[in-house]
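The exercises below concern a single protein chain. Work through each task before reading its solution.

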Amino acid sequence: HGERVYPASVRGTALGLASGIGRAGSIVGPAVTGGLVTAGLGYPWGFNFFCAVALLAVIAMVAVPRGMEARADDGESSTTASSADLLQERHA
């Protein structure tokens, strides 16, 4: 999916940033949850915390444009082939 959204010149950086955000969430989530449970606030606020994180994920998904073709800024083809197209070419 990354090749359709990001130009080739920043693709590695964009995918690395997305991976880093995911890793940060995997560290912060358990730490916050442990703090809430330790403070005796685990039941109501733990649920609210994870709902807020899910809402942020939905907002991030909506912010990324869908259906963009690969950009031809470095000589790449401006279209992408699906796996079905590639399989069809192999068997032809």
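**Exercise 1. Contacts and overall make-up**

Task: Find what share of the contacts between residues at least 6 apart in sequence join residues at least 24 apart.

Solution. In this predicted model, 47% of the contacts between residues at least 6 apart join residues at least 24 apart. Next, list the elements: the protein chain has 4 helices and 0 strands, in the order α-α-α-α from the N terminus on. Then turn to burial, where 10% of the 92 residues count as buried. Finally, the exposed area of the protein chain is about 7100 Å², of which carbon and sulfur atoms supply 67%.

**Exercise 2. Confidence**

Task: Determine which element has the lowest mean pLDDT and which has the highest.

Solution. Start with the whole protein chain, which averages a pLDDT of 77, with 68% of the residues scoring at least 70. By element, helix H4 (residues 83-91) has the lowest mean, 58, and helix H2 (residues 11-38) has the highest, 90. Residues 70-79 have a pLDDT below 50. Beyond near neighbours in sequence, that stretch has 17 contacts in the model.

**Exercise 3. Helix H2**

Task: Compare the span of H2 with the one expected at 1.5 Å a residue.

Solution. Count the residues of H2, which gives 28. The expected span is 1.5 Å times one less than that number, which comes to 40 Å. In the model, the first and last C-alpha of H2 are 41 Å apart, close to the expected value. For burial, apply the cut-off of under 20% relative accessible area; the buried residues of H2 are Arg11, Ala14, Gly29 and Leu36. Gly40 follows H2 and has a positive phi, near 80 degrees.

**Exercise 4. Two residues of H3**

Task: Decide whether Leu56 is buried or exposed, and do likewise for Tyr43, buried or exposed.

Solution. Locate Leu56 first: this residue lies in helix H3 (residues 42-63). Its relative accessible area is 57%. The cut-off for exposed is over 50%, so Leu56 is exposed. Leu56 also belongs to a nonpolar surface patch with Leu55 and Ile59, with about 310 Å² of accessible area together.

Tyr43 is placed in helix H3. Because its relative accessibility is 76%, Tyr43 counts as exposed. As a last step, take the pair Tyr43 and Thr33: they are 10 residues apart in sequence, and their C-alpha atoms are 10.0 Å apart in space.

Technical notes:
Residues are numbered from 1 along each chain as its sequence is written. This is a predicted model: local features need pLDDT of at least 70, side-chain atom pairs count only at pLDDT 80 or more; totals for chains, interfaces and linings use all residues. Side-chain values use heavy atoms; hydrogens and water are left out. Patches are made of residues with over 30% relative accessible area and no salt bridge: like charges are joined within 9 Å, nonpolar side chains (Val, Leu, Ile, Met, Phe, Trp, Tyr) within 5 Å. Accessible areas come from the Shrake-Rupley method with a 1.4 Å probe; for residues, only the protein chains shown count as cover. A salt bridge is a side-chain nitrogen of Lys or Arg within 4 Å of a carboxyl oxygen of Asp or Glu. Helices (H or I, at least four residues) and strands (E, at least two) are DSSP runs, numbered from the N terminus. Buried means under 20% relative accessible area, exposed over 50%, partly exposed in between (1.4 Å probe, protein chains only). pLDDT is the predictor's confidence in each residue, from 0 to 100. Contact means heavy atoms within 4.5 Å.
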